Amino acid sequence: MANFPSDQYDEIPTDLARVGAHRAPRRRRGGIWFAWAALATGVLVVAGVYGMSLMFPSIKLELPVLAGPDPASTTGPSSSAAPVVEPASPTTADPITPTSPLSISVFNGSATNGLQNTAGDALKDAGWSNPARANAANRAEKDTIVYYRSAEYEAIARGIVNTLGTGAIQLSDAFPGAPVTVVVAADYATIVG
């Protein structure tokens, strides 16, 4: 065997624990990265669904952290119930003026054909403005509901219920076409025969 002369690379310092190009083994931190990724995904999903619930009323998500205190658990003097709004008649309804008549829509939510025309004619004959008429997307409704867009139309909605002889009122912005929308149902069909 050949004998090579010694050089600087043959001398190993005594303070080194390793010799050569060795590296320390990698620490495995996959669990920590996975936990952070899962947490970030959860936060983004909850924030997205909550944001959608604010934009679309049909999606309901109420976060207890953001909802505030429960009104039933609040102590203090009890407030009286909100005053009941008296039903309006076609002659006393403020938004109805000759220059800008109140826009009303009537949808037939029952299986009875033409019920929207019967209800629309009844409202027109009672003095309300002539409503727009159409069939509802769901023709299996059981209860007539008069939807009103804002509090200023509540008295009108109650007056329309009185005119039709049946129904309930509900504050909703589900029908943007008119401030007051009537969805007649099977209960109205039994009244008018």
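Here are legends for four close-up views of this predicted model.

**View 1. N108, tucked away in strand β1**. N108 sits in the strand that spans residues 104-108. With 0% relative accessibility, N108 counts as buried. Its side chain reaches over to the backbone oxygen of T112, at 2.6 Å. Leaving aside neighbours within four places in sequence, N108 still has plenty to look at: its contacts are N113, G114, L115, Q116, A134, N135, A136, N138, R139 and V184.

**View 2. A nonpolar patch on the surface, with W36 as a member**. I32, W36, L39 and V43 make up this patch, and together they offer about 440 Å² of accessible area. W36 belongs to helix α1, residues 30-55. At 55% relative accessibility, W36 counts as exposed.

**View 3. D121 and R133, one of the 2 salt bridges in the structure**. The two side chains meet at 2.7 Å, N to O. D121 comes from helix α3 (residues 115-125) and R133 from strand β2 (residues 132-135), so the pair ties together parts that are 12 residues apart in sequence. D121 is partly exposed at 35% relative accessibility, and R133 is partly exposed too, at 28%.

**View 4. R158 and E154, a salt bridge within helix α4**. Here the side chains meet at 2.9 Å, N to O. Both residues sit in the helix that covers residues 154-164, and because they are 4 residues apart, about one helical turn separates them. R158 counts as partly exposed, with 25% relative accessibility, whereas E154 has 15% and counts as buried.

Notes. Residues numbered from 1 in each chain as written. Predicted model: local features only at pLDDT ≥ 70, side-chain atom pairs only at ≥ 80, totals over all residues. Heavy atoms only, no water. Helix = DSSP H or I, 4+ residues; strand = E, 2+ residues; numbered from the N terminus. Buried < 20%, exposed > 50% of the residue type's maximum accessible area, 1.4 Å probe, protein only. Polar contact = N/O pair within 3.5 Å; in protein donor to acceptor, adjacent residues only side chain to side chain. Contact = heavy atoms within 4.5 Å. Patch = residues over 30% accessible without salt bridge, like charges linked within 9 Å, V, L, I, M, F, W, Y side chains within 5 Å. Areas by Shrake-Rupley, 256 points an atom, 1.4 Å probe, with all protein chains shown as cover. Salt bridge = Lys/Arg side-chain N within 4 Å of Asp/Glu carboxyl O.
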